[in-house]
Amino acid sequence: MLQDNFARKFNYVRISLTERCNFKCQYCLPNGYKSCGNENYLNQNELFNLITVLVELGVWKIRFTGGEPTLRRDLSNILHMVKGFTSVKVIGLTTNAYHLSANLDSYIQNGLTNINISMDSLNPERFHSITQVNRLTEIQKSIDYALQTELQSIKINSVLTKDTLSEIDDFFAYVKIRNISVRFIELMQTGDNLKYFKSNYVSASILQQLLIERGWQKQPRQDAAGPAFEYYHKDYIGKIGVIAPYGKDFCNNCNRLRFTSDGSLRLCLFGEQNYSLRHLMQSSEQREELKNTILQLIIKKPLAHKLSEFKTGNILNLSNVGG
Ligand code: SAM
Ligand code: SF4
């Protein structure tokens, strides 16, 4: 069992499969992904050794992220490998959906159960100005297709900015007829996005207030839930979620650990340190040592991030640590 010094239990791990991305979201990679020239991401053998150990430690929810995880050509094989662990109940993916129309069926056949798709705007021009990609219609078609599949959960991630509030009625209309949760994520400051952050940040409390005024009700938080508070409304099929990392007590319920695409453990998204464990993922004989090392490191997990003091840790952007 993975537990830290503050009695928080960890059954949920996010694994980044690549730092690469084909979008230039202005809050994440404003200048696009720049290759360092010697990318060498965790391979399937390393992932298998890591996941074997995580499963032995009680992890039953794994989410693949990035960068853009669908850029990994072996993603279906990786999903298939995880499907072999019968105690893993949730195999999730966070994606910008660019490659989804071609590959979603394969991902599902190979074990994908949950998908989070990023869609920051319902307005094609605004979507383009945020992501620098002109692809909103195709992404919306992929979302509607996903809704017809047997996926257990389909959610939309949308970064909350001042402009989001001006299209909030369109988002409400979107979930009125779709059984989907649109989760607004408070914009987080990173090393790369200070200018964007300063002009676009708005507190999630403004949105929460607006939801209450419009008759949305907060749902009690479920065990092993992600970081969102979800709101429901009797007139809407879908839900609205709010992820408020700047909110008071956000870290109290943290149940997540992260591994970067080069095999480092990140105890906190906004922490100061990556603990490189890749050398312990090379063979099955190293699994005991990998397990013990993770157990020793977990007690170093800090109680909370220091975002409200404008301390972002050593994070340059969410693409390089796995958002
Ligand atoms: N490329 C995939 C995607 O965009 O869904 C997965 C990786 S991305 C880093 C994961 C999530 O982090 C996305 O929903 C994205 O909107 C969010 N994100 C990235 N940078 C952020 C920031 N500075 N503040 C808030 N959310 C951010
Ligand atoms: Fe790429 Fe996702 Fe970052 Fe956008 S948020 S630049 S899609 S990694």
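This briefing covers two ligand sites, two helices and two single residues. The model is predicted. Ligand 1 has 20 residues around it. The protein buries 95% of the area that ligand 1 exposes when taken alone. Helix 9 and helix 3 each have their buried residues on one side.

**Ligand 1**

- Tyr27, Gly67, Glu68, Ser118 and Met188 come nearest to ligand 1, out of the 20 residues around it.
- Glycine 67 makes a polar contact through its backbone: one of its N or O atoms lies 2.9 Å from a nitrogen atom of ligand 1.
- Methionine 188 also offers a polar backbone atom, 2.9 Å from a nitrogen atom of ligand 1.
- Asparagine 157 uses its side chain, where an N or O atom is 3.2 Å from an oxygen atom of ligand 1.
- Taken alone, ligand 1 exposes 540 Å², and the protein buries 95% of that.
- Strand 3 (90-95), strand 5 (153-160) and strand 6 (181-186) each give two or more residues to the shell around ligand 1.
- By class, that shell holds 7 nonpolar, 11 polar and 2 charged residues.

**Ligand 2**

- Around ligand 2 stand Cys21, Phe23, Cys25, Tyr27, Cys28, Leu29, Gly67, Asn96 and Ser319.
- Tyr27 and Gly67 thus appear in the surroundings of ligand 2 and among the residues that come nearest to ligand 1.
- The shell of ligand 2 has 6 nonpolar and 3 polar residues, with no charged ones.

**Helix 9**

- Helix 9 spans residues 204-213, and its buried residues are Ala204, Leu207, Gln208, Leu210 and Leu211.
- Seen down the helix axis, these buried residues fall within an arc of 160°, so they line one face of helix 9.
- An α-helix has 3.6 residues a turn, so residues three or four places apart point the same way.
- Several elements pack against the buried residues of helix 9: strand 5, helix 6 (162-166), helix 7 (168-176), strand 6, strand 8 (229-232) and strand 9 (239-243).
- Glycine 215 follows helix 9 and has a positive phi, near 90°.

**Helix 3**

- Helix 3 spans residues 100-109, with Leu100, Leu104, Tyr107 and Ile108 buried.
- These four cover an arc of only 90° around the axis, which puts them on the same side of helix 3.
- The face turned away from that buried side carries the exposed residues Ala102 and Gln109.
- Cover for the buried residues of helix 3 includes helix 2 (75-83), strand 3, strand 4 (114-118) and helix 5 (136-146).
- Just after helix 3, glycine 111 takes a positive phi of about 120°.

**Histidine 128**

- Histidine 128 has its place in helix 4 (residues 124-131).
- Its relative accessibility is 32%, so histidine 128 counts as partly exposed, a class that lies between the 20% and 50% cut-offs.
- Leaving aside neighbours within four places in sequence, histidine 128 is in contact with Val133 and Asn134.
- Threonine 161 is 33 residues from histidine 128 in sequence and 15 Å from it in space, C-alpha to C-alpha.

**Glutamine 222**

- Glutamine 222 lies in the loop between strand 7 (217-218) and strand 8.
- Its relative accessibility is 58%, and exposed means over 50%, so glutamine 222 counts as exposed.
- Glutamine 222 and lysine 248 are separated by 26 residues in sequence and by 19 Å in space, C-alpha to C-alpha.

Conventions
Residues numbered from 1 in each chain as written. Chains lettered and ligands numbered in written order. Predicted model: local features only at pLDDT ≥ 70, side-chain atom pairs only at ≥ 80, totals over all residues. Heavy atoms only, no water. Near = heavy atom within 4 Å. Polar contact = N/O pair within 3.5 Å; in protein donor to acceptor, adjacent residues only side chain to side chain. Areas by Shrake-Rupley, 256 points an atom, 1.4 Å probe, with all protein chains shown as cover. Nonpolar A, V, L, I, M, F, W, Y, C, P; charged D, E, K, R; others polar. Buried < 20%, exposed > 50% of the residue type's maximum accessible area, 1.4 Å probe, protein only. Arc of directions from axis to C-beta. Contact = heavy atoms within 4.5 Å.
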